[in-house]
Amino acid sequence: MVVPLGNTQDAFFPRSIAATMPTIVSGHGVHLVDDRGRELIDVCSGPFLASLGQGNERVLDAMSRQGRELTYVYSRMTRHPANARLSGRLARLLGPGFERVHLTSGGSEANEMAIKMLRMRALSRGERDRTVVVSLMPSYHGATVLTLGFNGDVSVSGSWGPFTVEAERIPAPLTFRAPSTHEAAATSLTALDDLLARVGAERVLAVLVEPIGGQSSGVNVPHPSFARGLRRRCDEHGIALVFDEIVTAFRTGEVLAAFHDRDALPDVVTLAKGLGAGYAPLGAVATSAQLADELADSLGFVVSHSYDASPIACAAGDAVLAEIEDRDLVERSTRLGAVLRDGLDALAARHRIIGDVRGRGLLQAVELVADPDTMATFGPGLDPAHEIAKVGIDHGLLLYARRQNEGRFGDWLLLAPPLVIDDDELASMLQRFDDTLRAAAPRLVGRSDGDP
Ligand SMILES: Cc1ncc(COP(=O)(O)O)c(C=O)c1O
């Protein structure tokens, strides 16, 4: 079936974006097929989400069985075994400190719920003034009105200022262009100290960060001193540390990116994307039994959405986690991530447009530079990732390009394929990326600020 431009589903997209979108009609494993019969590798698992690829029989069977047994009950009126199974499995995978799981329908909702829970806890402690959320610039935490305000995005106030409560931002510890990763972390922590002194640490509810960046920072991997510094300051001032692991969970060679350093674990963690893996809209807030009990014993937490912990979504999530466990996909992302990284390093040596390669496991990025000698960015007039992604389609790649902050902090392309990708598919993806860069990059390099 050919889906023409300008049909019902295009109503709200800018035409410039809709015009370049392929129409995908089927998928198998890591491949998608468009209406012209082109087979594309799903380089970013959609937006870092479809970790098991398309058509996983075990997950589809579990959903269908669950639907036949119990299709829907409301989590506010009833308990049900599918919720207990998924939350139990997730809590076991996350381990001590994350014994309680609240399920949501996605990532923005999970972040919003996390902050609402912390607000209720603050109220129950009589800390009415704790209303400030601290986040990083750049960062991304969601698209609901509350979470838009947390995003480290320079356009937020212009677009949403009157509607949303903005977070206080500190500079993200961006490593590329910094004198050293350690100094980048130190600069961010100094900014946090200044901020705590300025707004009053007793007014800060939470520090919300992606422990390893996603699309907003091109997978920035901070120096370990950053998370440790956050942990220490949060402990000192009774502030909750929240890690948004909506992109990073299961992907960086650990169940959580937080587990790369067990000395700086957060109080609350949010997951989504790879938890439902595209089979069901699903997110989670995980925290300690202590925090949940404190809430339950005081004001309680009474915010809910109709689809929270819906049985079919729970069955999907439980089967996704079973696949991740049984197929050792977290371990595998370390091994395959190393292969991907080597391949990207080799491409960086050949393509001048690549200024940096970074990431962990199967969450990698290449930073695109207009001038490799000066590391110059492209400026607002030219979106190089979008240009490359358009060419990628002709070379069999579906790349995710979503420019943020008008490229002010740089431009990048992420490579985060489904965790089930095999060695041959990975090699093919790298080959296609090489071909794509060869075709697209020469007319981009040297074009700073969008000069024609
Ligand atoms: C780091 C991060 N947090 C939160 C979200 C929001 O998740 P969702 O799109 O499921 O609402 C995203 C989505 O891209 C994300 O990348």
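Q: Domain bounds are taken from an automatic or database domain assignment. With that in mind, how is this protein chain divided into domains?
A: The model is a predicted one, and its chain splits into domain 1, residues 58-326, and domain 2, residues 328-450. Taken over C-alpha atoms, the centres of the two domains are 27 Å apart.

Q: What makes residues of domain 1 and domain 2 count as being in contact, and how many do?
A: The test is a distance of within 7 Å between C-beta atoms placed from the backbone. On that basis 23 residues of domain 1 are in contact with 27 residues of domain 2. The domain 1 side of this contact has 11 nonpolar, 8 polar and 4 charged residues.

Q: Why is Leu 347 called buried, exposed or partly exposed?
A: A residue is buried with 20 or more other C-beta atoms within 10 Å of its own, and exposed with 12 or fewer. Leu 347 has 18 such neighbours, which lies in between, so it counts as partly exposed. Leu 347 sits in helix α12, residues 329-350. Setting aside neighbours within four places in sequence, its contacts are Ile 354, Phe 433, Asp 434 and Leu 437.

Q: What makes β4 and β6 edge strands?
A: Let's start with the order of the open sheet of 7 strands, which is β4-β10-β9-β8-β7-β5-β6 with mixed pairing. β4 (100-104) and β6 (168-171) each have a single partner strand, so each has one side without a neighbour in the sheet. From one strand to the next, the twist averages 25 degrees.

Q: How do you know that β7 and β8 pair, and in which sense?
A: Pairing takes at least two bridges found by DSSP. Strand β7 (residues 204-209) and strand β8 (residues 240-244) have 4 bridges, in the parallel sense, so they qualify as a pair. Across this pairing, Ala 206 stands opposite Ala 240 in β8. Helix α5 packs on the sheet, touching β4, β5, β7, β8, β9 and β10, and its direction makes about 35 degrees with that of β10.

Q: Which helix gives the largest share of the shell around the ligand?
A: That is helix α5, residues 107-124, with 3 residues. Of the 16 residues around the ligand, Gly 106, Gly 107, Ser 108, Gly 142 and Ile 246 come nearest.

Q: What makes Gly 106, one of the nearest residues, polar or nonpolar here?
A: Gly is counted as polar in this classification. By these classes, the shell has 6 nonpolar, 8 polar and 2 charged residues.

Notes:
Residues numbered from 1 in each chain as written. Predicted model: local features only at pLDDT ≥ 70, side-chain atom pairs only at ≥ 80, totals over all residues. Near = placed C-beta within 6 Å. Helix = DSSP H or I, 4+ residues; strand = E, 2+ residues; numbered from the N terminus. Axes fitted to C-alpha atoms, helices over the stretch in contact; angles between N-to-C directions. Contact = placed C-beta atoms within 7 Å.
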